[in-house]
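Colleague: I would like to go through this model with you, one point at a time. Please end each reply on the value or name I ask for.

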Amino acid sequence: METPTPEQVARALAELVQEALMRGESVHVPGLGTFYVDHRGSTTERLPDGRVVLHPPRDLPAFTPEAS
């Protein structure tokens with residue numbers, strides 16, 4: 001069996017992290033940090049013309065690097 005290339009390892013890691021985040025799970029990579037889903041509640045924004053826009057809640061991918 002061949003040793004995977006760094007590109008293959010990075011691609012596999014990215015796929016695993018993406019799948020975990022889609023399930024709402026966090027992923028800790030030792031020596032790197034933690035990937036997680038950050039939930040943002042709905043917000044309002046007042047535009048210069050006075051209108052108010054409501055932005056719906058959303059989930060965003062986030063990352064916290066591991067302390068060195």
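The exchange below covers the helix, the nonpolar core, the aromatic pair, the salt bridges and some positions along the chain.

Colleague: What kind of model is this, and from what pLDDT do side-chain atom pairs count?

Modeller: The model is predicted. Local features need pLDDT of at least 70. For side-chain atom pairs the threshold is pLDDT 80 or more.

Colleague: How far does helix 1 reach from its first C-alpha to its last?

Modeller: Helix 1 has 17 residues. At 1.5 Å a residue, the expected span is 24 Å. The reach in the model is close to that, at 24 Å.

Colleague: Which residues of helix 1 are buried, and what arc do they cover around the axis?

Modeller: The buried residues in helix 1 are V17, A20 and L21. They lie on the same side of helix 1, because the arc they cover around the axis is only 95 degrees.

Colleague: Which exposed residues does the face of helix 1 turned away from its buried side carry?

Modeller: To count as exposed, a residue needs over 50% relative accessible area. On the face of helix 1 turned away from the buried side, the residues that are exposed are E7, R11, Q18 and M22.

Colleague: What covers the buried residues of helix 1?

Modeller: One of those buried residues is L21. Leaving out residues up to four places away in sequence, L21 touches F35, Y36, V37 and P61. The cover over the buried residues of helix 1 includes strand 1, strand 2 and strand 5.

Colleague: Which element gives the most to the largest nonpolar core?

Modeller: That core has five residues, namely V17, A20, L21, V27 and V29. At least two of them come from each of helix 1 (6–22) and strand 1 (27–29). With three residues, the element that gives the most is helix 1.

Colleague: How many aromatic pairs does a search of the whole structure find, and is the pair of F35 and F63 stacked or tilted?

Modeller: The search finds one aromatic pair. The ring centres of F35 and F63 are 4.6 Å apart and the planes are at 45 degrees, so the pair is tilted.

Colleague: How many residues apart are F35 and F63?

Modeller: F35 belongs to strand 2 (residues 33–40), and F63 belongs to strand 5 (residues 58–65). The pair therefore links distant parts of the chain, and neither ring residue is buried, with F35 partly exposed at 22% and F63 partly exposed at 36%. Along the chain, the separation of F35 and F63 is 28 residues.

Colleague: How many salt bridges are there in the whole structure, and how far apart are the closest N and O atoms of D49 and R51?

Modeller: A search of the whole structure gives three salt bridges. D49 and R51 form one of them; D49 is exposed at 52%, and R51 is exposed at 51%. The closest N and O atoms of D49 and R51 are separated by 2.8 Å.

Colleague: Is D38 exposed or partly exposed, and what is its relative accessible area?

Modeller: D38 forms a salt bridge with R40, with the closest N and O atoms 2.9 Å apart. R40 is partly exposed at 38%. D38 is also partly exposed, because exposed means over 50% and the relative accessible area of D38 is 25%.

Colleague: Which residue meets E25 in a salt bridge?

Modeller: The N to O distance in this salt bridge is 3.1 Å. E25 is partly exposed at 37% relative accessibility, and its partner is exposed at 55%. The partner of E25 is R23.

Colleague: What phi does G24 take?

Modeller: G24 comes just after helix 1. The phi of G24 is positive, at about 85 degrees.

Colleague: How far apart in space are G31 and E66, C-alpha to C-alpha?

Modeller: G31 sits in the loop between strand 1 and strand 2 and is exposed, at 66% relative accessible area. In sequence, G31 and E66 are 35 residues apart. In space, their C-alpha atoms are apart by 6.3 Å.

Colleague: What distance separates the C-alpha atoms of A67 and G31?

Modeller: A67 lies in the segment after strand 5. A67 counts as exposed, at 71% relative accessibility. Along the chain A67 and G31 are 36 residues apart, and their C-alpha atoms are separated by 8.5 Å.

Technical notes:
Residues numbered from 1 in each chain as written. Heavy atoms only, no water. Salt bridge = Lys/Arg side-chain N within 4 Å of Asp/Glu carboxyl O. Buried < 20%, exposed > 50% of the residue type's maximum accessible area, 1.4 Å probe, protein only. Phe/Tyr/Trp six-rings, centres within 6.5 Å; stacked < 30°, edge-to-face > 60°. Helix = DSSP H or I, 4+ residues; strand = E, 2+ residues; numbered from the N terminus. Core = buried A, V, L, I, M, F, W, Y, C linked by side-chain atoms within 4.5 Å. Contact = heavy atoms within 4.5 Å. Expected span 1.5 Å × (residues − 1). Arc of directions from axis to C-beta.
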